[in-house]
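Please work through the exercises below with the sequence and the structure at hand. Each task is followed by its solution in steps.

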Amino acid sequence: MVKALPGRHVDDGRMGRRALLVGATGAAALGTAGVALGVRGVRHDVRALFRPDPEPPHAVPRGPTGAVVTGSFASAAMGRSVGWSVAYPPGSAPGTALSMLLVLHGRGDDHREVLGGHALGAYLSGAVRSGVPPYALVAVDGGDHSYWHRRSSGEDPPTMITSEFLPILARRGLRTHRIGLAGWSMGGYGALLLAEHLGRARIAVVAVDSPALWTRAGDSAPGAFDSRDDFLAHDVIGRHAALVGIPIRVTCGTSDPFLPGVKAFLQVVPGADQDLRPGGHNIAFWQDAALGQLAFVGRHLAGA
């Protein structure tokens, strides 16, 4: 039996890993960006990632946080054990029937980074204390560079999420019939792709940070796709019509190397809410945008 107290982390016994310390943010940012340097032009000026335009001051919200539960399961779709975590808002215990936001991590990360380096559990608590309707924040391992789509290796993150992970969450009391999706970089791309796959019947809202979007297969990062045909089959911009009716919010820094792809996406999805501001492809920018993203999700996820 799993027990959790508000503000305490609970491991349900199936996984011994712990969330990354927020103090490791700098190293995590360097590691994550380092493996994302396949973006055309980034190799020539890495400073654009780590020394962007000045960003507004920000800080991780302080105050009580909700319970966190972690676990793992044997995934046939991924061919290995997959870790996951759920952060509850203050005042909601594990097992509470809450709507949920699934946050997909970036390249080189796993589910621990969502609540660790990115500290989204603290931002969720801060958002709820400010009046945002409560919901659970969920993360799951998607692979180092799967880009959240089925690969020639047989690795299949979408099937893992829809056929294996969501049923686990439903048994734990979360509302999984309509969910919210979020993510940064590779995970932002994956959130949009999964939303296109599931449609408005299953997806209530999408909020992504600096999604890894390219307009041509030749510009994509090494390992992001198996071939040009694979790129075309999973082209978020080309498949944008599947997003009709889903509230979408996109943030991106004006020094971010993915900005051209983001702008191309926003041109074909003109109804999307957008927050393009000074900043780069780093945790500092994403944390600064977090409260706005979570508030947007809360408005559209309420009642899902």
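The exercises concern a predicted model and treat its enclosed cavities, one histidine and an open pocket.

**Exercise 1.** Describe the largest cavity and its lining.

*Solution.* Begin with the count: there are 4 cavities of 30 Å³ or more. The largest cavity holds about 140 Å³ of space. Next, consider its walls, which are formed by 14 residues; Leu120, Ala182, Asp209, Gln293 and Leu294 lie nearest the centre. Then assign the lining to elements: β4 (100–104), β6 (179–184), β7 (203–209) and α9 (283–301) each contribute at least two residues. Of these, α9 gives the most, with 5 residues. Finally, sort the lining by character: 10 residues are nonpolar, 3 polar and 1 charged.

**Exercise 2.** Is His111 buried or exposed?

*Solution.* First locate His111, which sits in the loop between β4 and α3 (112–115). The cut-off for a buried residue is under 20% relative accessible area. His111 is buried because its relative accessibility is 2%. As a last step, examine its side chain: a polar atom there lies 3.5 Å from the backbone oxygen of Trp84.

**Exercise 3.** Which elements line the second largest pocket with two or more residues?

*Solution.* Start with the volume of the second largest pocket, about 190 Å³. Its lining comprises 14 residues, with His149, Arg150, Pro158, His197 and His234 closest to the centre. The elements giving two or more residues are α5 (157–171) and α6 (186–198). The largest share, 4 residues, belongs to α6. By character, the lining of this pocket has 5 nonpolar, 6 polar and 3 charged residues.

How values were computed: Residues are numbered from 1 along each chain as its sequence is written. This is a predicted model: local features need pLDDT of at least 70, side-chain atom pairs count only at pLDDT 80 or more; totals for chains, interfaces and linings use all residues. Side-chain values use heavy atoms; hydrogens and water are left out. On a 1 Å grid over the protein atoms alone, a cavity is a set of points where a 1.4 Å probe fits but cannot get out, and a pocket is an open set with protein on both sides within 12 Å along at least five of seven lines; lining residues have an atom within 4 Å of a point. Grid points are joined across faces, edges and corners, and a volume is the space filled by probe spheres set on the points. Ala, Val, Leu, Ile, Met, Phe, Trp, Tyr, Cys and Pro count as nonpolar, Asp, Glu, Lys and Arg as charged, and the others, Gly among them, as polar. Buried means under 20% relative accessible area, exposed over 50%, partly exposed in between (1.4 Å probe, protein chains only). A polar contact is a pair of N or O atoms within 3.5 Å; within protein, one must be able to donate a hydrogen and the other to accept it, and residues adjacent in sequence count only if both atoms are side-chain atoms.
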